[in-house]
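Here is a short briefing on one protein chain. Look over the sequence and the model first, then work through the points by topic.

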Amino acid sequence: MVDFGPNYLWGQLFFTLCVDHSVTITMIRKYESKDLEVVMSIWRQASTLAHSFLEPLFVLKAEHDLRSIYLLKTETWVYEVNGAAVGFISMLNNEIGGLFV
């Protein structure tokens with residue numbers, strides 16, 4: 001049995017055998033503080049694509065709030081593909097506060 005540590009306790013590990021015989025490993029795991037910059041990058045890219053009409057100052061404030069308020073108050077899970085974070089979901093109680101891929 002592989003022990004991924006306490007942050008992987010509730011995570012899910014998936015293996016996918018691709019047509020070209022490569023293996024894709026995906027994981028859903030609990031957010032860790034070391035994920036902050038990559039989570040912010042995912043948020044920034046998704047927000048820019050989905051909300052290109054927003055004023056830059058509004059986006060800067062939203063980014064500040066996500067970093068300093070919301071990520072601290074939510075239960076966040078990171079989605080990894082082959083060890084690289086590619087998405088995340090933040091839950092506030094039983095509600096989805098944000099889902100970004």
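Two strands count as paired if DSSP finds at least two bridges between them. That is the sense of "bridge" for Met-91, whose bridge partner in E5 is Ile-96. The model is predicted. Its chain holds two helices and five strands. In sequence order the pattern reads β-β-α-α-β-β-β. Of the 101 residues, 29% count as buried.

**The E4–E5 hairpin**

- Strand E4 covers residues 84-92 and strand E5 covers residues 95-100.
- The two strands run antiparallel and pair over five bridges.
- Two residues sit between the strands of this hairpin.
- Asn-93 takes a positive phi near 60° in the hairpin.
- In a regular strand, side chains alternate between the two faces of the sheet.

**The aromatic pair**

- How many aromatic pairs does the structure hold? There is one aromatic pair.
- Phe-88 and Phe-100 form this pair, and the geometry is stacked.
- The ring centres are 5.2 Å apart, with 25° between the planes.
- Planes under 30 degrees apart count as stacked, so the 25° of Phe-88 and Phe-100 meets the cut-off.
- Phe-88 belongs to strand E4 and Phe-100 to strand E5, twelve residues apart, and the pair links distant parts of the chain.
- Both Phe-88 and Phe-100 are buried.

**The nonpolar core**

- The largest nonpolar core has twelve residues.
- Both rings of the aromatic pair belong to residues of this core, Phe-88 and Phe-100.
- Other members include Tyr-31, Trp-43, Leu-66, Val-78 and Ala-85.
- Helix H1 (36-50), helix H2 (56-73) and strand E4 each supply at least two core residues.
- Which element gives the most to this core? Helix H1 does, with five residues.
- In soluble globular proteins, nonpolar side chains tend to be buried together.

**Ile-89 and Tyr-31**

- Ile-89 is found in strand E4.
- Ile-89 has a relative accessible area of 21% and is partly exposed.
- Buried means under 20%, so Ile-89 at 21% does not count as buried.
- Ile-89 and Tyr-31 are 58 residues apart in sequence.
- In space, the C-alpha atoms of Ile-89 and Tyr-31 are 9.3 Å apart.
- Tyr-31 is a member of the largest nonpolar core.

**The nonpolar surface patch**

- Ile-28, Tyr-79 and Val-86 make a nonpolar surface patch of about 210 Å².
- Tyr-79 lies in strand E3, which spans residues 75-81.
- Tyr-79 counts as partly exposed, at 32% relative accessibility.
- Patch residues need over 30% relative accessible area, so Tyr-79 at 32% passes that cut-off.

**Salt bridges**

- The count of salt bridges comes to seven.
- Glu-75 and Lys-30 form one of them, with the closest N and O atoms 3.9 Å apart.
- A salt bridge needs a nitrogen and an oxygen within 4 Å, so the 3.9 Å of Glu-75 and Lys-30 qualifies.
- Glu-75 lies in strand E3 and Lys-30 in strand E2 (residues 23-30), so this salt bridge ties together parts 45 residues apart in sequence.
- Glu-75 is partly exposed at 38%, and Lys-30 is partly exposed at 32%.
- Glu-32 forms a salt bridge with Lys-34, with the closest N and O atoms 3.6 Å apart.
- Is Glu-32 buried or exposed? Glu-32 counts as buried, at 17% relative accessibility.
- Its partner Lys-34 is exposed, with a relative accessible area of 60%.
- Lys-61 forms a salt bridge with Asp-65, with the closest N and O atoms 2.8 Å apart.
- Lys-61 and Asp-65 are four residues apart in helix H2, so about one helical turn separates them.
- Lys-61 is exposed at 52%, whereas Asp-65 is buried at 12%.
- Arg-29, Asp-35 and Glu-80 are joined into one network by salt bridges that share partners.

Terms used:
Residues numbered from 1 in each chain as written. Predicted model: local features only at pLDDT ≥ 70, side-chain atom pairs only at ≥ 80, totals over all residues. Heavy atoms only, no water. Patch = residues over 30% accessible without salt bridge, like charges linked within 9 Å, V, L, I, M, F, W, Y side chains within 5 Å. Areas by Shrake-Rupley, 256 points an atom, 1.4 Å probe, with all protein chains shown as cover. Salt bridge = Lys/Arg side-chain N within 4 Å of Asp/Glu carboxyl O. Buried < 20%, exposed > 50% of the residue type's maximum accessible area, 1.4 Å probe, protein only. Phe/Tyr/Trp six-rings, centres within 6.5 Å; stacked < 30°, edge-to-face > 60°. Core = buried A, V, L, I, M, F, W, Y, C linked by side-chain atoms within 4.5 Å.
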